[in-house]
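Notebook open, model loaded. I want to go through some helix contacts, a couple of sheets and the confidence values.

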Amino acid sequence: TTILGSSLAHTLYILDEPSVGLHPRDNSQLMNILHQIKKNKNTVLVVEHDPEIIKKSDYIVDLGPGAGKNGGRVVYAGKTEGIVKAKNSLTGKYLSGELKIPLPEKRRTPEKFQSIKITGARENNLKNLNLEIPLKLFVCITGVSGAGKSTLVEDIIYRGLKGKKAEKEEYWGRLDDISGEELIGEVVLVDQKPISGSSRSNLLTFLKLFDPIREIFARTSLAQKRGYSSSYFSFNVEGGRCATCKGEGVQKTEMQFLADIYITCSECQGKRFKPEILEITYKEKNIAEVLELTVEEAQNYFSEFPALTEPLKLIAEIGLNYLRLGQPLSTLSAGEAQRLKLARNLIFPPAANVLFIFDEPTIGLHYDDLAKLITIFQQLVEKGHSLIIVEHNLEVIKCADYIIDLGPEGGDKGGYIVATGTPEEIAACPHSWTGKFLQPLLNKNLSTGQKEKPDYENQPKVSPPKIEIIGAREHNLKNINLAIPHQQLVVITGVSGSGKSTLAFDILFAEGQRRYLETLTPYIRQYLKLRDKPNVDLITGIPPTVAIEQRMYQEGKRSIVATLTEIYHFLRLLYSKLGTQYCPSCNQPITSQRIEEIIQDIQTAFSGERVYFFAPKVSGRKGFHKELLIAARKRGYTTARVDKKIIPLDSLPALSRYQEHDIDLLITQTEISPKSQSTLKGIIKESIDQGNGSFFVVTESGKEKRYSTTQFCPRCQKSFEPLDPRLFSFNTKQGACPRCAGMGFVTNNHHYKQESILGNYFEKIDISSGVEEIECPQCKGKRLKENALAVKINGWGIWEVVSLSVSEADKLLSKFSFSPPEQRISTPVIQEIKTRISFLKKVGLDYLTLNRRGDTLSGGESQRIRLAAQLGSNLRGVVYILDEPTIGLHPRDTQRLIGTLKKLKDSGNTLIVVEHDEEMIHQGDFIIDLGPGGGSQGGEIIAAGSLPAILKNPCSITGQFLKNHNRKLTSFSKPSFDKWLIVKGAKKNNLKNIDVAIPLGTLTCITGVSGAGKSTLLKGVIFPALKNQLAGIKNNDSFFSTLLGAENINRLVEVDHSPIGRTPRSTPATYVGFYDEIRKLFSLLPEARLRGYTPGRFSFNV
């Protein structure tokens, strides 16, 4: 309800069977809501089986024609009324009446003394119920949502009978008594909970059919000749399973911020078993091929084994003939899982005269599957069992022998028995909602009268294709009313302080974001900062909003172009998953190391010492790790090393889920001597198995050495850690160069010593611009540890890639080649990188190198990088709100930017731009001019419409300026210049060793397209050089050769875009300084002097 009531527009809503748990009466209310959402210019996509919802839809996509391998095709796609004519559509045939679920020819009647009797049931909203439930019948519990059905069935009947049989009254809910337990052998609840979360569990293991199949293979002549027992044909134990994937068939690759990828095991090719096991065949199929059979195919394959074919036949009868024998149970839907539980109870009945309780077994079932399920239910009763089913589906209810209808409403108004009896008796009850909807299904000749038009068809259309604002009074806005068209480039203009940003960000962005965040769960919302609702009467038709605001500060020295655009995040992921490790000392590829070589090295390095063997389980990871320690304790391990501290596992430590932890499991301790060689092999094998290929040997003095069977340099005799994305991050301790802490430079300033930086969080530390930078002698400015720099892909290291320009990197990535298994990983990662690169190229930044530092970017470059990062998401139906995106742009680049924004608009988005730029205003589809003045004199809509309408409006200052503006040269040149500031050999960033002479005593402009080097020349070369000269500091800067004329300057002032105040206490008066004079003035007033007030009395800061 939170999502449906969010009042968003141009949003895609996806609902998975929203009718689940709803009574037919409530479905009409649901359809009213869905159609109201649609009329608000949204798209609603519903996965559904309910016939009433299907009939009331506008468009149907019907998949089939069957299930499993017989499905996956579009049978019909078109208007709802056309599906009844689709020849291959089962859905259409049931909707048209060609196929139907028949009523039972005869209903069973209750037998005397065969019932469960309940007295005084009052759990939750049940109203002290007394009722009798007949046994050996097909019984349905019905009623509107919240009537008390689940409470009656689970808390009273199921738990009551279980408690009675176990003689434990604490089992059941509140009631006086429940009797009749002696009439049933067992009570079984078949609910919708998943069967298993493990990928190793499948249909065969769940139904205990895998054991006889493994016995069949073990009895073949070749298996007996080789001595293979049935355990060799199990993928859950060692012996015959693939050692690489341990019988999984796939290897999981964690993709960090992308979805995890499961890659087919390169050793067994996904077949789970060793090659020699797959040589054993029965009827020309090996065990892996048998697991790929469907239930239908397996019935023929095992035709001479009735113990297998009978259970498989039953599974086919309940509509699961398409399941593969080896399909993991974790992939089953709720409906499939519930039917499989039913099949297990039918194959292995727990007793005679079982009472089966089902909780909405029709969830996720098509009409055709319903027919099969009802047949199974009837067979169960014929075998002497009893059925109690909580159900809303009318097709099931009409086939019941007996119905108990609860109601009449939900919640406090429910909990009563409305009616009991056969479906016909329920239909005749005037107070039963269930009976009212049953009538048309029970009596074909019953006239239901003329159908009323659904409520949603009678409702007027709402929300025209525009955003409507009524009564906006935020800040200085004067109760304005405004309609903004969708999918247009909208420009908000006006004099400074007229209310442009208030309208764009405090009204439109705040409300669009607030409404979107309200659709999220409360758990997620608690971590998000929600904006207050703006002071406005009404806003309609607003889609989700994305804001790209001005950032009036430079990026930090730690940031580079690749990190600002997230390109580096994906490069780190690519190198950690597909990079080839080389030894940084000898440049040889890292290889595997045999156990015998490890034994020899340990005996040499630790001879005569007592050592501890630790297997790494967690390395620098946040999250929950308690289960891992509990599992280790169950396997017999008693000690672990957590964050370098030894702890016993009998009392588990409390670990913060939000901090990174290292957890190593103590395998054993032993003394290294020539006699220990025989025991070392077993210790090392166990350490390798537990440590996933690596382990640590630690002496009592703390000396530690890592060993690995997969990451080892034979020449240098060194083992390496497995590759991890953090190894390639210069913002983490795992990857940053230890000399410069990932900065790429070092400094002699004691405030920024290396040790102090490493001791704090990287993201919170940066170094001020006034500190002299010297290239790091260890990493040579590459920021990373030598181990990270030595990893290559196609011969390229990660820093070599980011040293390229955007266009060069694009060409290089296109040339990278990977094997087919590697392409499963590389394709999505490189696609993400190239998407971001393409947007950088579209905004004209293809010349930037990816390792260009954030603090060296010009204002225009920084703005466009943020624009590329935000707009590269390929969204549709979104409102993008931009705050003066042309700041810092050359007129040529403004045209490029406008082109990018128009492409975004053509993708189905709305763009709202706060702007003063004349060209941007000219290109706007819809212009809003606020004014007439700033502050209290603004906040009114002077004009709103197309550019011609603005130009014709005599009250619009913007319109008059655009209409009558003639550019005139107002500057004049002096005949000669006496004094000059000269810089020679400027070569920072992209400056090409240029010489520049600037006349003093004049207003000088430095111009050029964005990225030409303007900011680098002025702020990166001239300003710091002149600042040092005036301060008497010797310039030792490699970015220029000579500075002349500084003696003619007495003072240097920098006016930039950095914010003035960071707290609400800062005001223009306090910043400029005249607030002190105001306070003094008030302190001199007679009344203030009489009271003894000093200027401090008039300060809000003391």
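**Helix 22 and helix 24.** I started with helix 22 (residues 595-605) and helix 24 (residues 677-690), whose axes come within 10 Å and cross at roughly 115 degrees in this predicted model. I looked up the hand of the crossing and got right-handed for helix 22 and helix 24. On the helix 22 side I noted Ile595, Glu596, Ile598, Ile599, Ile602 and Gln603, and on the helix 24 side Gln677, Leu680, Lys681, Ile684 and Ile688. Sorted by class, this contact has seven nonpolar, two polar and two charged residues.

**Helix 21 and helix 29.** Next I pulled up helix 21 (residues 567-578) and helix 29 (residues 820-842), where the axes again come within 10 Å but the crossing angle is roughly 160 degrees. That is over the 145 degree cut-off, so I logged helix 21 and helix 29 as roughly antiparallel to each other. Their crossing is left-handed. Helix 21 brings Ile567, Phe570, Leu571, Leu573, Leu574, Lys577 and Leu578 to the contact, while the helix 29 residues include Ile825, Val829, Ile833, Arg836 and Leu840. My class tally for helix 21 with helix 29 reads twelve nonpolar, one polar and four charged.

**Sheet 17-16-19.** How are the strands ordered here? I found an open sheet of three strands in the order 17-16-19, with antiparallel pairing. Strand 17 and strand 19 are the edges, each pairing on one side only. From one strand to the next, the twist averages 5 degrees.

I then went through the pairs. Strand 16 (residues 466-472) runs antiparallel to strand 17 (residues 480-485) over five bridges, and Ile467 has Ile484 of strand 17 opposite. With strand 19 (residues 536-540), strand 16 forms four bridges, also in the antiparallel sense. There, Ile469 is bridged to Ile539 and Glu468 to Thr540. I also checked what packs on this sheet: helix 18 (residues 500-517) does, touching strand 16, strand 17 and strand 19, with its direction at about 115 degrees to that of strand 16.

**Sheet 38-37-39.** I moved on to another open sheet of three strands, ordered 38-37-39 and antiparallel in its pairing. The edges are strand 38 (994-999) and strand 39 (1042-1044), pairing on one side only. Ignoring direction, neighbouring strands are turned by 10 degrees against each other on average. Strand 37 (residues 980-986) pairs with strand 39 over three antiparallel bridges, and I picked out Lys984, whose bridge partner in strand 39 is Thr1042. Helix 35 (residues 1014-1030) packs on this sheet and touches strand 37, strand 38 and strand 39; I get about 115 degrees between its direction and that of strand 37.

**Confidence.** Last, I looked up pLDDT. The chain mean is 86, and 91% of the residues reach 70 or more. Which elements have the lowest and the highest mean pLDDT? The lowest is helix 25 (residues 754-758) at 42, and the highest is strand 7 (residues 138-143) at 96. Over residues 445-464 the pLDDT stays under 50, and I noted 18 contacts beyond four places in sequence for this stretch. Residues 750-766 are also below 50, with 34 contacts in the model beyond near neighbours in sequence. Note to self: where pLDDT is low, the predicted coordinates should not be read in detail.

Methods:
Residues numbered from 1 in each chain as written. Predicted model: local features only at pLDDT ≥ 70, side-chain atom pairs only at ≥ 80, totals over all residues. Heavy atoms only, no water. Axes fitted to C-alpha atoms, helices over the stretch in contact; angles between N-to-C directions. Helix = DSSP H or I, 4+ residues; strand = E, 2+ residues; numbered from the N terminus. Parallel < 35°, antiparallel > 145°, perpendicular 65-115°, else oblique. Left-handed = near helix turned anticlockwise from the far one by under 90°. Contact = heavy atoms within 4.5 Å. Nonpolar A, V, L, I, M, F, W, Y, C, P; charged D, E, K, R; others polar. Pairing = 2+ DSSP bridges. pLDDT = per-residue confidence, 0-100.
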